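Subject: Handover of a structure

Dear colleague,

Please find below the structure that I am passing on to you. My notes on what was found in it follow directly after.

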Amino acid sequence: PADIRDAAQTRIRSPPAPITDVARLCVCDLLVAQCDVNCCCDPDCSAEDFSLFTSCSVPVVTGDSQLCSQKAAVYSLDVEANPPERIFKLIDQVNPSIFCIHATNYKQALYLKSPEIPTPENFDQLLDKFGGATFSAEPDSWNLDPDAQNPPDANETSRYEYGAPVQTEDAFLRLPSPVVSSWCSDANPAGFLVNQATKCIRSVSVEKCDSIQALSMLFYINSSILAVPKSSQMVNITVQSIVVQSLNGMRTLLSSSDVLRLPMVLDGLCINAVLGVNYHITHTDTGEIIEAAAAFVLGAISKEALSIEQSFEISFTQENTQPVPLSGNPGYVVGLPVRAGFQPQGYPFPAAFLNKHSQLTILHSTSTQDCLAAHGARAPVLFGYNMISGCKLRLTAAMKCQPLAQTLLDVLKGQSFPEYVASFGNSQAQDVLDWVPITQLLVSEQMISHTLQSSCQIPVSLGIEVKWTKYGSLVNPQAKIVNVTATITTTTLKQLPSGRERIIPITSSVVFTDISSPAEPSYKAWPTIDIKLPFDFFYPFV
Amino acid sequence: LSSLPLQILLYVNGIYYIFYFLATLAMIIYKSQVFSYPDDLLAPDLAVLFLMAVLEVPRSYLGFKGNLTEAEAPLGLSLGLTVGSVVLCVYLLLWQTYVLWADVLLNALLLSAYGLESGLKVTAIAAFVS
């Protein structure tokens, strides 16, 4: 029994020896102990089987054709004979090329390499060699082998580089994001200088509310960030602000953000659960992180909810700078907001356009569709996107003209309607000529001829027309805003008999029109040779 | 008197060797691209080829000098170096990783040239000594 086991083991250890004799090699012999059809080299076929074949699927079996002279087995069917029989010939095939291999002292040159059979002894080594390229979701395994990565120079790791994961005390700064499906994965590191915003779903239950780590504020701020990779300088994550969201969606900013609010069960609800985190990291221009702040949105989870959507965002700012989001560089990019602003009074310039909080906006339609209950919802005007929105105004007899007109103007134009629009996506506030004034037009819907001057006009629609052109080179045209016109259309408010109501629609729209003239390719002028003889060229004669 | 056939043969051999060296180097490069030629087998083959080139320079020079000055010492030294070159040539003929048909031709030609040269050198030495 021991011998049989040893024999079996030795048999397993070495793979079967390869067949190199061309006379015994047959690639079409697929069925064991049965004759394959049209396979002339099959040893299982008898003479009667050969007489039924029509052709030979494998006519020649040779070794490597680059050898100067080698044996070849040639199979053919003699259809003349009755019955047809198979002819087998062993010939010497000669390669006439002068670069044929005459001899080789390297045995594996002409054969495929035999694979290594795994045994208990070499299994670990084979696993290390071939078992790699698997993704491990554990954050611990990330930092455990710093030597496995390229050993960096001492100078190189003294700062963060773009895309490098932001390291913290234990592993790295986590930005949970959906991986493969929409469920949150906590193993996504935040990359340095990579502004990201992610939304993912986490499964929750109200009973286990205080034990789910990802719902508590501590999970996101307890490990401090390393100021530079692999250093001992720590930057604590401070809580910048806490916003509490109620079950119906209303958000309230808490005045004091010092108190850490942990999730707990109250009245069948899980309160203080983290619904969103917004990280703001301040860095120096040498790649060192100096400040980190997190703004939280806490909410309540009801008993029926099985999952909640969490949103995470991270943004990086360089110290002592105020980042201004550009809408294009230099031409506007479709989909980015149109930049607008005001020019403060003061002549001569310096005129700095306050464009931080004044955007070109239009009325945002709400579900209630009531103009007076609109709550000031506005949507930013995005370049290239024609938009139309509106609401319904319920007119009653009791409404007075002037206050109504003013209210409607506010509803249409918003609180601070800008005066200037940037012509390029990256126009700076200091370049006054890069800003286009908004032309305001007032149009009356009806002919004024048969209405009295004193009758009431209320604005019913605002139409913003933005004319833009293509500017720059033919192959890479940049969008440039040339003209912005805001037209307010008014109509007369007819006095209603008491008790009656009328509903009129109020609309606002934005239209982008391309007024670029067709491009004319221009070519460089041919160089001219400007030769002028000096005036005293013909000196002795003239 | 200097041996004229030896002089002619030395001259022709020098030119043929340059051609042989370039052709063999080109063929080794060709083999490394077309066939599987691991680095630990490529290194010895290249080393032998370059060693032979390095030996060829003093061998040829000593042969010329010895024949023209009718001195037997340089000729004897050249003969010794020829033996070394012959050994390396036999290696390239028989024990190279891949021996192509062109390799066989070039090396056989070189071997026969060396053999003829050695014979003529021996007769020249005999003539100078006596």
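I begin with a single residue of chain B: Leu79(B) lies in helix α3 of that chain, a helix that covers residues 72-94. Please note that this is a predicted model. Apart from neighbours within four places in sequence, the residues in contact with Leu79(B) are Ser118(B), Lys121(B), Val122(B) and Ile125(B). Gly119(B) is 40 residues away from Leu79(B) along the chain, and the C-alpha atoms of these two residues are 9.6 Å apart.

The contact between the two chains

Chain A contributes 12 residues to the contact, and chain B contributes 18 residues. As general background, an interface is often described by the accessible area that is lost when its parts come together. Here chain A and chain B bury about 1,200 Å² between them, and 65% of this area is on carbon and sulfur atoms. On the side of chain A, the residues that lose the most area to chain B are Phe99(A), Asn105(A) and Tyr106(A), which together account for 43% of what that side buries.

As to polar interactions, 9 residue pairs are in polar contact between chain A and chain B, counting pairs with both residues at pLDDT 80 or more. The number of salt bridges between chain A and chain B is 0. Sorted by class, the side of chain A that touches chain B consists of 8 nonpolar and 4 polar residues, with no charged residues.

Strand pairing also links the chains. Strand β4 of chain A, residues 101-104, pairs with strand β1 of chain B, residues 98-100, through 3 bridges in the antiparallel sense. In this pairing, Thr104(A) is found opposite Tyr98(B) of β1(B).

The three-stranded sheet of chain A

In chain A, 3 strands make up an open sheet with antiparallel pairing, in the order β1-β2-β3. Its edge strands, each paired on one side only, are β1 (60-62) and β3 (85-94) of chain A. From one strand to the next, the twist averages 20°. Strand β2 of chain A spans residues 69-78 and is joined to β1(A) by 3 bridges, the two strands running antiparallel. Within that pair, Val61(A) is opposite Ala73(A) of β2(A).

The seven-stranded sheet of chain A

A further open sheet in chain A has 7 strands in the order β16-β20-β21-β23-β22-β24-β19, and its pairing is mixed. The edge positions belong to β16 (340-341) and β19 (387-396) of chain A, each of which pairs on one side only. Strand β19(A) runs antiparallel to strand β24 of chain A, residues 501-514, and 10 bridges join the two. Thr396(A) stands across from Glu501(A) of β24(A).

Helix α6 of chain A, residues 401-413, packs on this sheet and touches β19, β21 (435-444), β22 (457-472), β23 (477-492) and β24 of chain A. The direction of helix α6 makes about 25° with that of β22(A).

Elsewhere in the sheet, strand β20 of chain A, residues 420-422, pairs with β21(A) over 3 bridges in the antiparallel sense. Ala422(A) is placed opposite Trp435(A) of β21(A). By contrast, β21(A) and β23(A) run parallel and are joined by 7 bridges. One of the bridge partnerships there links Leu441(A) to Thr487(A) of β23(A).

With kind regards

Technical notes. Residues are numbered from 1 along each chain as its sequence is written. Chains are lettered from A and ligands numbered from 1 in the order in which they are written. This is a predicted model: local features need pLDDT of at least 70, side-chain atom pairs count only at pLDDT 80 or more; totals for chains, interfaces and linings use all residues. Side-chain values use heavy atoms; hydrogens and water are left out. Two strands pair if DSSP finds at least two bridges between them. Helices (H or I, at least four residues) and strands (E, at least two) are DSSP runs, numbered from the N terminus. Axes are lines fitted to C-alpha atoms, for helices over the stretch in contact, and angles run from 0 to 180 degrees between N-to-C directions. Contact means heavy atoms within 4.5 Å. Buried area is the accessible area (1.4 Å probe) that two parts lose on being put together, summed over both. A salt bridge is a side-chain nitrogen of Lys or Arg within 4 Å of a carboxyl oxygen of Asp or Glu. A polar contact is a pair of N or O atoms within 3.5 Å; within protein, one must be able to donate a hydrogen and the other to accept it, and residues adjacent in sequence count only if both atoms are side-chain atoms. Ala, Val, Leu, Ile, Met, Phe, Trp, Tyr, Cys and Pro count as nonpolar, Asp, Glu, Lys and Arg as charged, and the others, Gly among them, as polar.
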